[in-house]
Structures are given as C-alpha cells and as structure tokens.
Amino acid sequence: MQTKTLDVLFEETLRDMYFAERKILRTLPKLARTAQSPDLRAALKTHGEETQLHVERLQQVFELLGKPARGKTCPAIDGIIEEGEEVMKAFADSPALDASLIAAAQAVEHYEITRYGTLVRWAQVLGRTDLASILEQTLQQETMTDETLTLIADGSVNQAALQAA
Ligand code: FE
Ligand code: FE
C-alpha cells in the first residue's frame, strides 16, 4: 500500500480548493447583483474577476505537478455558501441585507485564507517554491478582499443596517 505523505495531502487539498473556487466563481455574481451599496457591489464584482484568476492559477499548479486538474467536493464551502444564501433570503427586504452579504462573503474569504495559508507552507516544505509563489498571489488577493469588506462594513453598511427601512 502506498504511504500517504504530505505530497498526497497537498494534492487532495488542491482538489478541494479547485472545487471551492469554481463554486465561488458561480456564487459571487449573485452576491454582487443582490448588493445595495455600490461599493459593495463593485468589490464583489472585482473579486469575481480575481476568482477567475484563482481557478486559472490552480490549473497552472496542477499542470506543474503533472496532474490533471480535478475538483473534489468540498462540503465546507457548500455549507458556508448555503448558509449565506439562507441568511440573504431571510434578509432580502431588510436594511441589514448588505451586512448579511458581507458576513457571507467574509466567511468564504476566511475559508480560502486558511486553505491557501496551509497550501503555501506545504508547497515550501515540499521544495516547490514555484508553486508556493503562485498560491501566495492568490492568498494575498483573498486577504485584501477580506480587508476591503471590513472597510465597507465599517464605512457605511453596518450603520445602515441599524436603520429601519
Ligand atoms: Fe479565491
Ligand atoms: Fe476569495
């Protein structure tokens, strides 16, 4: 029996993220269309474009590994998105709608940050600094997006969510 070492774990986690990123790619336009705040709409739209790059970077990593780009169902991202969509529906006509969108989007970003943070370190340990630097670019965009969403929440959205419509 083949011993499952870190290289196998790394590939399986890449597949998890490949599934997750493609799911996020389909979800972000829905969130952007729902957003009321123009800043929030723009931030979600921009991140949708970045997410396309994240998918392509993962394809590049698979190619450099000489492995087919295949996704593996990630129940964590399915759950995060499902819960976000439920809350969005429940707050559809509420002044807190945008606050609910930011909460859902930040949950997604935090999931991505934890996964890419791990993948970057594993790539380094595996001696694949080439893959680490590709994944690091995505990690930075996830972190920036998280910070942008916090700024939008603090800047207007959370205050607006306090007011009755
Ligand atoms: Fe991403
Ligand atoms: Fe993201």
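Visitor: Why is Tyr18 called buried?

Guide: Tyr18 has 6% relative accessibility. Buried means under 20% relative accessible area, exposed means over 50%, and partly exposed is in between, using a 1.4 Å probe and protein chains only. Since 6% is under 20%, Tyr18 counts as buried. One caveat: this is a predicted model, so local features need pLDDT of at least 70, side-chain atom pairs count only at pLDDT 80 or more, and totals for chains, interfaces and linings use all residues. As for bookkeeping, residues are numbered from 1 along each chain as its sequence is written, chains are lettered from A and ligands numbered from 1 in the order written, and side-chain values use heavy atoms, without hydrogens and water.

Visitor: How many aromatic pairs are there?

Guide: The count comes to 1, and that pair is Tyr18 with Phe62. The rule covers rings of Phe, Tyr and Trp (its six-membered ring) with centres within 6.5 Å; planes under 30 degrees apart are stacked, over 60 edge-to-face, and the rest tilted.

Visitor: What makes the pair of Tyr18 and Phe62 edge-to-face?

Guide: The centres are 5.6 Å apart, and the planes make an angle of 75°. The distance is within 6.5 Å and the angle is over 60, so edge-to-face is the label. Tyr18 is in helix α1 (residues 6-34) and Phe62 in helix α2 (residues 38-65), so the pair ties together parts 44 residues apart in sequence. Phe62 is buried as well, at 1% relative accessibility.

Visitor: What sits over the ring of Tyr18?

Guide: The charged end of Arg22, 4.1 Å from the ring centre. The test asks for NZ of Lys or CZ of Arg within 6 Å of the ring centre and within 35 degrees of the ring normal. Arg22 makes the distance cut-off at 4.1 Å.

Visitor: How do you know which elements are helices?

Guide: They are DSSP runs, numbered from the N terminus: H or I over at least four residues for a helix, E over at least two for a strand. The protein chain has 5 helices and 0 strands, and reads α-α-α-α-α along the sequence. Its C-alpha trace spans about 60 × 25 × 20 Å along the principal axes.

Visitor: What span does α1 reach, and where does α1 bend?

Guide: α1 has 29 residues and reaches 41 Å from first C-alpha to last, close to the expected 42 Å. That expectation is 1.5 Å times one less than the number of residues. α1 bends by about 25° at Thr27, with Pro29 following within four residues; the bend is the angle between axes fitted to the seven residues ending there and the seven starting there. For α4, also with 29 residues, the span is 43 Å against the expected 42 Å. Just after α4, Gly127 has a positive phi of about 80°.

Visitor: Which protein atoms are donors of the iron ion (ligand 1)?

Guide: Glu21 (OE), twice, plus His54 (ND1), Glu112 (OE) and Glu142 (OE), at 2.1 to 2.4 Å. Donors are N, O and S atoms within 2.8 Å of the metal (3.2 Å for Na, K and Ca); water is not among the atoms, so sites may look incomplete. Those distances are within 2.8 Å, so the atoms qualify. Glu21 lies in helix α1 and His54 in helix α2, so the pair ties together parts 33 residues apart in sequence. Glu21 is buried at 0%, and His54 is buried at 0%.

Visitor: And which are the donors of the iron ion (ligand 2)?

Guide: His47 (NE2), Glu109 (OE) twice, Glu112 (OE) and Glu142 (OE), at 2.0 to 2.6 Å. The donor residues are spaced H-x61-E-x2-E-x29-E in sequence. Glu109 belongs to helix α4 (residues 97-125) and Glu142 to helix α5 (residues 129-160), so this pair ties together parts 33 residues apart. Glu109 is buried, at 2%.

Visitor: What makes Glu112 a bridge?

Guide: Glu112 coordinates both iron ions, which are 3.3 Å apart.

Visitor: Which residues does Gln141 touch?

Guide: His47, Glu50, Leu53, His54 and Arg57, leaving out residues up to four places away in sequence. Touching is contact, meaning heavy atoms within 4.5 Å. Gln141 is in helix α5 and counts as buried at 18%.

Visitor: Is Thr46 buried, partly exposed or exposed?

Guide: Partly exposed, at 40% relative accessible area. Thr46 sits in helix α2.
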